[in-house]
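Good morning, and thank you for coming. I would ask everyone to turn to the screen, where the sequence and the model will be shown together.

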Amino acid sequence: MEVKEAILSFLNSQKMMNLSTYKGSLWSCSVYFVVDEDFSLYFSSSDKSKHIQQIRSNPQVAFSVYDSHQNFEDKKMGVQGVGECKKLIDVHTAEWIAYLWNKNINVRNGCIRSCR
């Protein structure tokens with residue numbers, strides 16, 4: 001299995017990521033997410049949430065995805081990164097993401113956002 005396929009397979013096997021934002025102070029939260037073939041991560045959050053308020057002022061975010069059920073002795077697997085977060089406005093992409101969301105997560109609240 002290629003590295004890209006292995007990472008996508010891992011990300012698709014997970015449902016939550018830790019998202020960190022910054023606007024004068026650091027903030028960290030957990031959000032449900034889905035991923036596409038280009039490694040864009042999508043999540044849904046309320047416009048009133050602290051992390052969305054911070055993203056509006058500073059779209060730079062950090063994230064981590066890991067399987068909390070991994071055994072202590074086993075080799076660890078996780079993905080960490082940084083990117084820019086923005087509100088998703090493309091209707092065709094939103095329809096596709098909504099399909100993935102309902103298939104994998106089935107959680108509905110707020111607007112879908114993209115981190116890349």
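I shall begin with the overall layout, then turn to the interior, and finish with a loop, a surface patch and a salt bridge.

Please keep in mind throughout that this is a predicted model. The protein chain has 116 residues, and 35% of them are buried. Its secondary structure consists of three helices and six strands. Read from the N terminus, these elements follow the order α-β-β-β-α-β-β-α-β. If we take the contacts between residues at least 6 apart in sequence, 62% of them join residues at least 24 apart. As for the outside, the chain exposes about 7500 Å², and carbon and sulfur atoms account for 53% of that area.

Let us now look at the interior. The largest nonpolar core holds 18 residues, and the members that touch the most others are L11, M17 and F43. Which elements each supply at least two residues of this core? They are helix 1 (3-13), strand 1 (16-22), strand 2, strand 3, helix 2 (50-57), strand 4 (60-66) and strand 5 (78-87). Strand 2 gives the most, namely four residues. There is also a second core, separate from this one, with six residues; among them are Y42, L88, I97 and L100.

To return to the largest core, I would like to dwell on L11. Setting aside neighbours within four places in sequence, L11 is in contact with F33, V35, F39, L41, V65 and V79.

One of those partners, F39, brings us to a loop. F39 lies between strand 2 (26-35) and strand 3 (41-45). Its phi angle is near 70°, a positive value in a residue other than glycine. Is F39 buried, partly exposed or exposed? With a relative accessibility of 32%, F39 counts as partly exposed. F39 also belongs to a nonpolar surface patch of about 240 Å², which F39 makes together with V3 and I7. Thus F39 appears twice in this account: as a contact of L11, and as part of the surface patch.

The loop between strand 2 and strand 3 also contains D36. Here the relative accessibility is 10%, and because buried means under 20%, D36 counts as buried. What does the side chain of D36 meet in a polar contact? The partner is the side chain of Y42, at 2.8 Å. Beyond residues up to four places away in sequence, D36 touches L8, Y42 and W96. Y42, we may recall, is one of the residues of the second core.

My last topic is charge. Side chains of opposite charge can pair when their charged atoms come close. How many salt bridges does the structure hold? It holds one. The side chains that meet in it are those of R56 and D47, with a distance of 3.6 Å from N to O. R56 counts as exposed because its relative accessibility is 51%, while D47, at 26%, is partly exposed.

To close, I would leave you with three places to find on the screen: L11 in the largest nonpolar core, D36 with its polar contact to Y42, and the salt bridge of R56 and D47. Thank you for your attention.

How values were computed. Residues are numbered from 1 along each chain as its sequence is written. This is a predicted model: local features need pLDDT of at least 70, side-chain atom pairs count only at pLDDT 80 or more; totals for chains, interfaces and linings use all residues. Side-chain values use heavy atoms; hydrogens and water are left out. Patches are made of residues with over 30% relative accessible area and no salt bridge: like charges are joined within 9 Å, nonpolar side chains (Val, Leu, Ile, Met, Phe, Trp, Tyr) within 5 Å. Accessible areas come from the Shrake-Rupley method with a 1.4 Å probe; for residues, only the protein chains shown count as cover. A salt bridge is a side-chain nitrogen of Lys or Arg within 4 Å of a carboxyl oxygen of Asp or Glu. Buried means under 20% relative accessible area, exposed over 50%, partly exposed in between (1.4 Å probe, protein chains only). A polar contact is a pair of N or O atoms within 3.5 Å; within protein, one must be able to donate a hydrogen and the other to accept it, and residues adjacent in sequence count only if both atoms are side-chain atoms. Contact means heavy atoms within 4.5 Å. A nonpolar core is a set of buried Ala, Val, Leu, Ile, Met, Phe, Trp, Tyr and Cys residues joined through side-chain atoms within 4.5 Å.
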